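Me: Got a minute to go through this one with me? I'd like to talk about rings, cysteines and empty space.

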Amino acid sequence: EQVLVGRGSDEAIDLLTRVFCRAGQDAVLVCPPTFGMYAVAARIQGADVVTVPLRKDAGFALDEAAVLAAARPGVRLVYLCSPNNPTGNLLDADAIVRIARALAGRALVVVDEAYIEFADRPSAIPRIADLPNLVVLRTLSKAHGLAGARCGTVIANAEIIALLHKVIPPYAITQL
């Protein structure tokens, strides 16, 4: 009930954006430099993109205060890539939790863990139990070298997964 398997993280990002962002009304928040698909999916959906750059002067650290200040009404998704692509650094796990708590009831905080197998930190997945607005993306394409398999997962609260199931095309996963 808390896992949706799909065609890689790109499909997960697209589904989240289509389900939670209304064209011309809602927005996603991204922290560049980061994975470009978050903004691509938002633009396809007709959602605004709010940017809060990572702090280059602090090793591309997350600017927690700036994220919270920029998360205006209408920001429905906050994409945080950790380890970040392309910088490779981990975002502060406690800051991610504080952001999720602050935005509860207003926005989903989506932690993209495509590179988590290369990090010395555990996944944010266990935090989903106490943070219903936390979503974690995982993929087999990086550490497992299976980009051609197009297999990724969304791990989230069961209600979020149920909404995504309503819009995912049938037969999302092919036979290998």
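Reply: Sure, let's take those topics in turn; note that this is a predicted model.

Me: How many aromatic pairs are there in the whole structure?

Reply: A search of the whole structure gives two aromatic pairs. One is phenylalanine 35 with tyrosine 38, an edge-to-face pair. Their centres are 5.6 Å apart, with 85° between the planes.

Me: Is phenylalanine 35 buried, partly exposed or exposed?

Reply: Partly exposed, at a relative accessible area of 25%. Tyrosine 38 is buried, at 0%.

Me: And tyrosine 38 with tyrosine 79: stacked or edge-to-face?

Reply: Stacked, because the planes are at 5° and the cut-off for stacking is under 30 degrees. The ring centres are 4.5 Å apart.

Me: Which elements does that pair link?

Reply: Tyrosine 38 sits in helix H2, residues 37–45, and tyrosine 79 in strand S4, residues 75–81. The two are 41 residues apart, so the pair links distant parts of the chain. Both tyrosines are buried.

Me: Which residues end up in the ring cluster?

Reply: Phe35, Tyr38 and Tyr79, linked by ring pairs.

Me: Switching to cysteines. How many disulfides?

Reply: The count is zero.

Me: Why no bond for cysteine 21?

Reply: Its closest cysteine sulfur is in cysteine 31, 15 Å away, so the gap is too far for a bond. A disulfide needs the sulfur atoms within 2.5 Å. Cysteine 21 is also buried, at 2% relative accessibility.

Me: What about cysteine 31, which cysteine sulfur is closest to that one?

Reply: The sulfur of cysteine 81, at 10 Å. That is too far for a bond as well. Cysteine 31 is buried, with a relative accessible area of 4%.

Me: Now the empty space. How many cavities of 30 Å³ or more?

Reply: One. The largest cavity holds about 30 Å³ of space.

Me: Which elements give two or more residues to the lining of the largest cavity?

Reply: Strand S1 (3–6), helix H1 (8–20) and strand S7 (152–155). H1 has the largest share, with four residues.

Me: Which residues line the largest cavity?

Reply: Leu4, Val5, Gly6, Gly8, Glu11, Ala12, Leu15, Gly152, Thr153 and Val154.

Me: How does that lining split by class?

Reply: Five residues are nonpolar, four polar and one charged. Glu counts as charged, so Glu11 is the charged one in that lining.

Conventions. Residues numbered from 1 in each chain as written. Predicted model: local features only at pLDDT ≥ 70, side-chain atom pairs only at ≥ 80, totals over all residues. Heavy atoms only, no water. Phe/Tyr/Trp six-rings, centres within 6.5 Å; stacked < 30°, edge-to-face > 60°. Buried < 20%, exposed > 50% of the residue type's maximum accessible area, 1.4 Å probe, protein only. 1 Å grid on protein atoms, 1.4 Å probe; cavity = no way out; pocket = protein on both sides within 12 Å on 5 of 7 lines; lining within 4 Å. Points joined across faces, edges and corners; volume = space filled by probe spheres on them.
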